[in-house]
Amino acid sequence: MRKWTLPAAAALGVAALSIGSLQAQGGPAPAIDTSKIESGTYSTDPAHSMVGWSVNHLGFNDYLGIFGDVTGTLTLDAADPSASSVDVTIPIASVTVPSAGLKDHLLRAGKDGAKPDFFGPDPMPAHFVSTGVTVTDPTSAEITGDLTLNGVTKPVTIEATISGMGTNAMSQKATVGFSGSTTIKRSDFGVDFGIPFGISDEVELYITVAFEK
């Protein structure tokens, strides 16, 4: 299954195209001075924090969606990043997909009392709590943690990178942005509809979060 390196959303795609255009013209990516990042507790900017997802549909193409309004906290230790931690909640009921029919299916109750094909109505939010941080270079780390989704908790590892830092020009708050990616098996979380006839078990996740202090 192809690895997605761009956010799974049109708005994020526009931003990615803009960056790609600059790089194509030889413009260097801005350096991130991690020495200026402040320790402390940060909260997400929910309006600009989301998890994109991708599944392969019947072996023909990849289908994309978004979970938005991610909320939670980052406890950041600038002197010892490995001592940092993160705790975030991801709404499932407000999932965004291009097809109204698919959204209805994702949130539809099971037929005749059976379990839903996907999440069903009024699904509980997903929850990720880190259990460890391994720094891999000055701006990247592996974040291990427990992901609870559909009532099931499993360990996952997120490849995370600092995507930006500084003072938000609008809110005037110290802000650190992160991007990350991981791959999960939805069957591990009890969501196995369609796997036998070609809807992929693997779900690729792309995380982009802004934390404000």
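Where is the place of Phe60 in this chain? Keep that question in mind while you look over the whole chain, and remember throughout that the model on your screen is predicted.

Begin by colouring the chain by secondary structure, which comes to two helices and ten strands. If you follow the chain from the N terminus, the elements run α-β-β-β-β-β-α-β-β-β-β-β. Among the contacts with a separation of 6 or more, 56% come from residues that lie 24 or more positions apart.

Next, turn to the inside of the chain, where 38% of the 213 residues count as buried. Select Trp53, Phe67, Leu106, Phe119, Phe128, Ile184 and Phe211, which touch the most other members of the largest nonpolar core, a group of 40 residues. Then highlight β2 (50–57), β4 (71–76), β5 (85–90), β6 (126–137), β7 (140–149), β8 (152–167), β9 (174–185) and β10 (202–212), since each of these strands supplies at least two residues of this core. Pause on β10, from which the largest share of the core comes, namely five residues.

Now switch on the surface, whose accessible area is about 11,700 Å², with 59% of it belonging to carbon and sulfur atoms. Here you can return to the opening question by selecting Phe60, which sits in the loop between β2 and β3 (61–67). Phe60 counts as exposed because its relative accessibility is 68%, while the cut-off for that word is over 50%. Finally, add Leu58 and Phe197 to the selection, and you will have the three residues of a nonpolar surface patch, Leu58, Phe60 and Phe197, which together have about 350 Å² of accessible area.

Key
Residues are numbered from 1 along each chain as its sequence is written. This is a predicted model: local features need pLDDT of at least 70, side-chain atom pairs count only at pLDDT 80 or more; totals for chains, interfaces and linings use all residues. Side-chain values use heavy atoms; hydrogens and water are left out. Helices (H or I, at least four residues) and strands (E, at least two) are DSSP runs, numbered from the N terminus. Buried means under 20% relative accessible area, exposed over 50%, partly exposed in between (1.4 Å probe, protein chains only). Contact means heavy atoms within 4.5 Å. Accessible areas come from the Shrake-Rupley method with a 1.4 Å probe; for residues, only the protein chains shown count as cover. A nonpolar core is a set of buried Ala, Val, Leu, Ile, Met, Phe, Trp, Tyr and Cys residues joined through side-chain atoms within 4.5 Å. Patches are made of residues with over 30% relative accessible area and no salt bridge: like charges are joined within 9 Å, nonpolar side chains (Val, Leu, Ile, Met, Phe, Trp, Tyr) within 5 Å. A salt bridge is a side-chain nitrogen of Lys or Arg within 4 Å of a carboxyl oxygen of Asp or Glu.
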